[in-house]
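Hi,

Here is the structure I promised to pass on. Have a look at it first, and then read on for what turned up when I went through it.

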Amino acid sequence: MLIGSLLVASFVIFGALYLAPGSVLATLSGGRALPAASVAVLNQRYHLNAPFFAQYWYWLDNAVHGDLGISITLRENVSTLIGNRIWTTAGLVLYASLIIFVLGIGLGVLAGLRPGKLDTSALVTTAVTAAVPAFVAAIVLLLVFSVKLGWFPALATGTSGASFLTEVKDFTLPAVALALSSLAIVARVTRAAIREEADREHVQTAVSRGIPHRQVIQRHTLRNAAIPITTVFAITVASLIAVSAVVETAFSLNGVGAYLVQAAQSKDIAVVQGISLVLVTAFVVVNLLADLMYAVLDPRVKLGAKAS
Amino acid sequence: MSRLVFANRKTRGDLSVARGGLGVASGKRRFAGGKLGVAGTICAVVVGLAVLAAVAGPFIAPYSPTLPNLQLAWVGPVSGHLLGFDFEGRDVLSRLLAGAQTAMLGPLVVVVLAMAGGALFAVVAAWRRGATDAVISSGMDVLFAFPGILLAVLATTVFGAGLTAAAVALAIAYLPYVARVLRSGALKERNQTYVQALEVQGVSVPRICFGHILPNMSGIIVAQATVLFGYAMVDLAAISFLGLGVQPPAANWGVMISENEPGILQGYPLPALAAGLCVVAVVIAVNVLGERLLEREGQR
Amino acid sequence: MTATNLLEVTGLRVTLGAGTVLRGVDFAIRPGEALGLVGESGSGKSMTARAIGRILPRGAQADGIITFDGADIGKLDGKGLRRYRGQVAMIFQDPRAHINPVRRVGDFMTEALRTNEGVPKAEAYAQAADMLGQVGLESKNLDKYPHQLSGGMLQRVMIAAALLTRPRLLLADEPTTALDVTTQAEVMAILAELRSDFDLALLFITHDLELAAAVCDRTAVMYAGQVVEVRDSALLHTDPLHPYTSALAAARPDIGRAAARLRAIPGRPLSGFEAPPDACAFAARCAHAAAGCFETAPELTGLDGGMSRCRRAVELRGTLGVTADA
């Protein structure tokens, strides 16, 4: 099912070339005038004389083998260009996921297990931060933590080969900006899941048999709540993939997302298609992992069932 | 008009036939008068102000929102200029007021398109059930793979930067989500006895779907639309922030954040912050309203 | 109440929030004895079991004394409480809801053994396999997940699991209500067999008066949060001591006769919340109510080896029995 999604998505990405007004060549060149030699190269590369579906097939086949075309502006392989930047984006998304895991799930678990003041204040804080879009969070974080407090650099100071600590410092503000709006939903679902599991009858059974409280929480409440929590966490991480472009732009990070935006602005369609394909694939892969985790955690579910 | 809505609701489980009537407009009116509570009223006020700014902004702005005056760049608040000047010397308040238009209009277009498309698919799937439902549902599931922002970037590259391409792309990206939500509501309605009664009386299928089923879902439709508005607003502002939506020198809150970002680093945070605050305020207000409405729907 | 009682419940009152759920529960169970606890919905029978099992819901307040082997269970804590839980086991009405669906049956059964008694895994599983055999299930079910077993099988698993800690008292909260009649009979047969094998005392909670009377030595009847009668099961139908019991028994349709209409008790059963504090809770529906019944709350008093909470119990002796023509 998700593979089907991927195929359709790739088709849409490819087909966008044809939806554009004007000829395919005009779109490929981004409206620039091209010398005849370049036109010939493009014709050959994209098999522009072949029927539509054949072209799609060539494109997809190339993509699967790592050839995503050539950037019209930089005259380099798109794959190489992506490869240089992919770790920045991956690092950013991973860092943000870590923050969501620790803060979002952590707060949710605490709020779920100990109803009280912490519970309501956590909910309120996260509800407010949830409404703050990543780019607004970015400028506020920059203002407070970079300009006023000077704890973190505004622009990435490390170059490749910089120490791990420098990299972490560089990426902290962006990661927080990326994670902020997702914290609320993860915390809220976690809390609700824990509350619901804690009230279940099988927990009563365990208590009635004298199982120590701590163990009841671990082996029954948390273990069962892990199912919906993992699902929402995975879906959240998947959503980070697209928003990373916004954060990278705001913090001038040299990631795949920022590059996507630049390519879109300069109408470099090959690059946009290539990066879109990569991002959508990542999105689908994360969702697939979510479904897998769900099947692993819940023995009642057969592999292939939808987690959401 | 509201009496017709009540007549619609009575037909559930009742063999008497309702006299048509489109419920959505009156549905909105019913909720506006409902018990929203203190928080809800504040949010409604904020949204109201934003709508006002969107409609009247360009006219009531005291100064030109687009004419640059570089000598006044980054000057702070002075009398007559509550929020100071932006990076090109324009009055921030005026630009905010003017920017409200695109900031509110874009999401509205997205919501209308997504809800219309989603409702259509949902009703068709719920009505025909069986194979048609399976095909539509699978189709919707497949579309889920496209994050809204990504589709919007793709669309603006191909069709040119601007609100139209971005809004349509977002609407398409939201469609599966809307269709899924509305489908379950539509299925519930379709199984009610009043639908069978209408069928027996020979009322045409489109009339049943759009004249009765959809109006009876007006609650969930309005609630969902409100929540969707919040998402669309954030996504569209992000697109404009990325430079792919509204193009400068046109006024737009997302654009303002982007173009005034350097000010944050140089010690002039106000213009960017003010624009950010506008976005956040309206999004919070819309979200809270939407959640209230959803809660009330859940209690039915 | 003698000193040889295994379990003694005296004056148990439970409040939950603003309302009173149990307004006075008194009974005793001797070692190896089976006591039925019968009542309609809202009578408080489940809450009684929970009070004895010390799993009252959050916010519930309990008064009165419950002793087990002479010790006040309300004062138990930590290790003492865990030991008590090993001695008093509970089984519940809906086994599917009461067994963790994401863990295997073997894990469920041996959890208490491994955790509380430190029994090594292999031996715990061996004991579990053995117990499964006693309830008529194969040991391969230890590896299965709950959703792979039927309701009847799960109930047997629950019973087997409860017996692994060698309890002396089993609290059974409507264990067969959710099962079909055939399975019900099987489960009851297993319970009876195990009781005699392990010399187990049983508190059998049900809404089915006939079932309780058939299975248990004595039966207690609850109404509106109070025990209104305790009687030897054999005498319950022929010589009940409380009008409610006799009305319950009479309401059961007789399979041997055709009747024009079902004999129902007029009105609806009261729960503990709704009962008037200073009148007999059943008076409004009672065929034998007198003026005094509405003015003072009756006490539970002994009578002919049983107990009755009826002011007119002595006068009504012998007239409350269910006869063929009643």
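To start with a helix: what should the 14 residues of α6(A), residues 117–130, span at 1.5 Å a residue, and how far apart are its end C-alpha atoms? The expected span is 20 Å, and the end C-alpha atoms are 20 Å apart, which agrees. Bear in mind throughout that this is a predicted model.

Staying with that helix, A122(A), T126(A) and A130(A) are its buried residues. Looking down the axis of α6(A), those buried residues fall within an arc of 65°, so they line one face of the helix. As a reminder, an α-helix has 3.6 residues a turn, so residues three or four places apart point the same way. The buried residues of α6(A) pack against two other helices of chain A, α5 (78–113) and α8 (164–198). On the other side of α6(A) you will find K117(A), T120(A), S121(A), V124(A) and V128(A), which are exposed.

Next, how the chains meet. Two pairs of chains are in contact, and chains A and B share the most contacts. In that pair, 34 residues come from chain B and 42 residues from chain A. On the side of chain B that touches chain A, the elements giving two or more residues are α5 (130–143), α6 (148–159), α10 (218–241), α11 (253–266) and α12 (270–298) of chain B. By class, that side of chain B has 27 nonpolar, five polar and two charged residues.

The contact between chains A and C takes 18 residues from chain A and 20 residues from chain C. Here, α9 (201–208) and α10 (213–250) of chain A are the elements that give two or more residues to the side of chain A. The most comes from α9(A), with six residues. The residues on this side of chain A divide into five nonpolar, eight polar and five charged. As for chain B and chain C, no contact joins them, and their closest C-alpha atoms lie 24 Å apart.

Now for chain C itself, which has 11 helices and 12 strands. Its radius of gyration is 21 Å, close to the 20 Å that the globule rule gives for 326 residues, so chain C is as compact as a globular protein of that length. The C-alpha trace of chain C spans about 65 × 50 × 35 Å along its principal axes. Of the 326 residues in chain C, 43% are buried. If you take the contacts in chain C with a separation of 6 or more, 66% of them are between residues 24 or more positions apart.

One strand there is worth a look: is β9(C), residues 218–223, largely enclosed or open? Six of the six residues of β9(C) are buried, so the strand is largely enclosed by the rest of the structure. In a regular strand the side chains alternate between the two faces of the sheet. Both faces of β9(C) are covered, with R218(C), A220(C) and M222(C) buried on one side and T219(C), V221(C) and Y223(C) buried on the other.

β9(C) runs parallel to β3 (residues 34–38) of chain C, joined by four bridges, and L35(C) stands opposite R218(C). With β10 (residues 226–232) of chain C, β9(C) pairs in the antiparallel sense over six bridges; M222(C) has V227(C) as its bridge partner there. β9(C) and β10(C) make a hairpin with two residues between the strands, where A224(C) takes a positive phi near 50°.

V221(C) from that strand also turns up in the surroundings of T245(C), a residue of helix α10 (residues 243–251) of chain C. Beyond its neighbours within four places in sequence, T245(C) is in contact with V221(C), E229(C), L236(C) and P240(C). T245(C) counts as buried because it has 24 C-beta neighbours inside 10 Å.

Elsewhere in chain C, β1 (residues 7–16) and β4 (residues 60–68) run antiparallel and are joined by eight bridges, with R13(C) opposite D63(C). β4(C) also pairs antiparallel with β5 (residues 71–72) over two bridges, where T67(C) is partnered by D72(C). β4(C) and β5(C) form a hairpin with two residues between them, and D69(C) in the turn has a positive phi of about 55°.

Cheers

Conventions: Residues numbered from 1 in each chain as written. Chains lettered and ligands numbered in written order. Predicted model: local features only at pLDDT ≥ 70, side-chain atom pairs only at ≥ 80, totals over all residues. Expected span 1.5 Å × (residues − 1). Buried ≥ 20, exposed ≤ 12 C-beta atoms within 10 Å, placed from the backbone. Arc of directions from axis to C-beta. Contact = placed C-beta atoms within 7 Å. Rg over C-alpha atoms; globule rule 2.2 N^0.38 Å. Nonpolar A, V, L, I, M, F, W, Y, C, P; charged D, E, K, R; others polar. Pairing = 2+ DSSP bridges.
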